[in-house]
Each structure stands twice: as C-alpha cells, then as structure tokens.
Amino acid sequence: HRLLKLSAIFTSADSDTEAASVSKGLSALIALRELVLNMKDSAVGDDGAIAIANGLQALKQLQQITLNFWSTQVGDDGAMAIASGLKVLKQLQQVELNFRDTEVGDA
C-alpha cells in the first residue's frame, strides 16, 4: 500500500533539525496526495522551511497541502523557498499556508 495522506505536528525546541528529517522522509513518499504539516508555536525558522521546501519538490502527485508556520521564526527566505517548492507541483489543487506571527515581511 502507498501512503496517500500524511498529517504531522511538530513542536520541538530544535524544529529546524526536525524539519530537515521530515524533509528527507517526504521525498520518499512519491504517491502522497494530501499533506498537512503543523509547525505552530515551534522554533522552526528559515533553515527548517527551506528543508521542507526541498522535500516537497519530490511530491509530484500532491493535490492538497496545508502548511502551518503560525508563531514560528520563519522569515522571508523560508517563505520564498516554500513558494518555489510549491511552484513545481503541477497537480496541486488546494494550498493553505499560514505565516501568521512569523518573521515574514518584518524587514
């Protein structure tokens, strides 16, 4: 059986490292159709968001994605990486991104 839906929550104090680990695992889930990653209130920053973005690029069958970066340390570089990672996913039909209370746009 192939995994078609994945929902993950991480709130670790070292979330960039955790995000890098999740990213490596994502790239193996090529049949995934729906992904929900909740990083709300975690210490994930740009490095973690960039790692997630790199992992997303392998998910060519992905149709729905929800990424919740609410109350994290993600900034402009991380948000841009996520946008670039999503741009290559041609099967996407639904995208939900939450960057509330982050470093995005705080230049």
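**A58, the fold and an aromatic pair**

A58 is partly exposed, with a relative accessible area of 25%. The model in which this residue is viewed is a predicted one. A58 belongs to the loop that runs between α2 (46–56) and β3. Leaving aside residues up to four places away in sequence, A58 makes contact with S27 and I30. Its C-alpha atom is separated by 17 Å from that of S7, a residue 51 positions apart from A58 along the chain.

From this loop, a look at the whole chain is helpful. The protein chain holds 3 helices and 4 strands, and these follow one another along the sequence in the pattern β-α-β-α-β-α-β. The radius of gyration is 13 Å, close to the 13 Å that the globule rule gives for 107 residues, so the chain is as compact as a globular protein of that length. Along the principal axes, the C-alpha atoms fill a box of roughly 40 × 25 × 15 Å.

Burial, surface and contacts complete this overview. Of the 107 residues in the protein chain, 35% are buried. The chain exposes about 5,900 Å², and carbon and sulfur atoms supply 47% of that area. Contacts in the protein chain reach well along the sequence: among those between residues at least 6 apart, 88% join residues at least 24 apart.

Within the alternating pattern, strands β3 and β4 can be followed in some detail. Strand β3 covers residues 64–68 and strand β4 residues 94–98, and the two pair in the parallel sense over 5 bridges. In this pairing, Q64 stands opposite Q94 in β4. The connection from β3 to β4 passes through helix α3 (residues 76–87), and the resulting β-α-β crossover is right-handed.

Which aromatic rings pair in this structure, and how are their planes arranged? A search of the whole structure finds 1 aromatic pair. It is formed by F69 and F99, whose ring centres are 5.1 Å apart and whose planes meet at 10°; the pair therefore counts as stacked. F69 lies in the loop between β3 and α3, while F99 lies in the segment after β4, so the pair ties together parts that are 30 residues apart in sequence. The two partners can also be described by their accessibility. F69 has 0% relative accessibility and counts as buried, whereas F99 is partly exposed, with a relative accessible area of 21%. The cut-off for burial is under 20% relative accessible area, and F99, at 21%, is therefore placed in the partly exposed class.

Technical notes
Residues numbered from 1 in each chain as written. Predicted model: local features only at pLDDT ≥ 70, side-chain atom pairs only at ≥ 80, totals over all residues. Heavy atoms only, no water. Pairing = 2+ DSSP bridges. Right-handed = clockwise from strand over helix to strand, strands pointing away. Rg over C-alpha atoms; globule rule 2.2 N^0.38 Å. Buried < 20%, exposed > 50% of the residue type's maximum accessible area, 1.4 Å probe, protein only. Contact = heavy atoms within 4.5 Å. Areas by Shrake-Rupley, 256 points an atom, 1.4 Å probe, with all protein chains shown as cover. Phe/Tyr/Trp six-rings, centres within 6.5 Å; stacked < 30°, edge-to-face > 60°.
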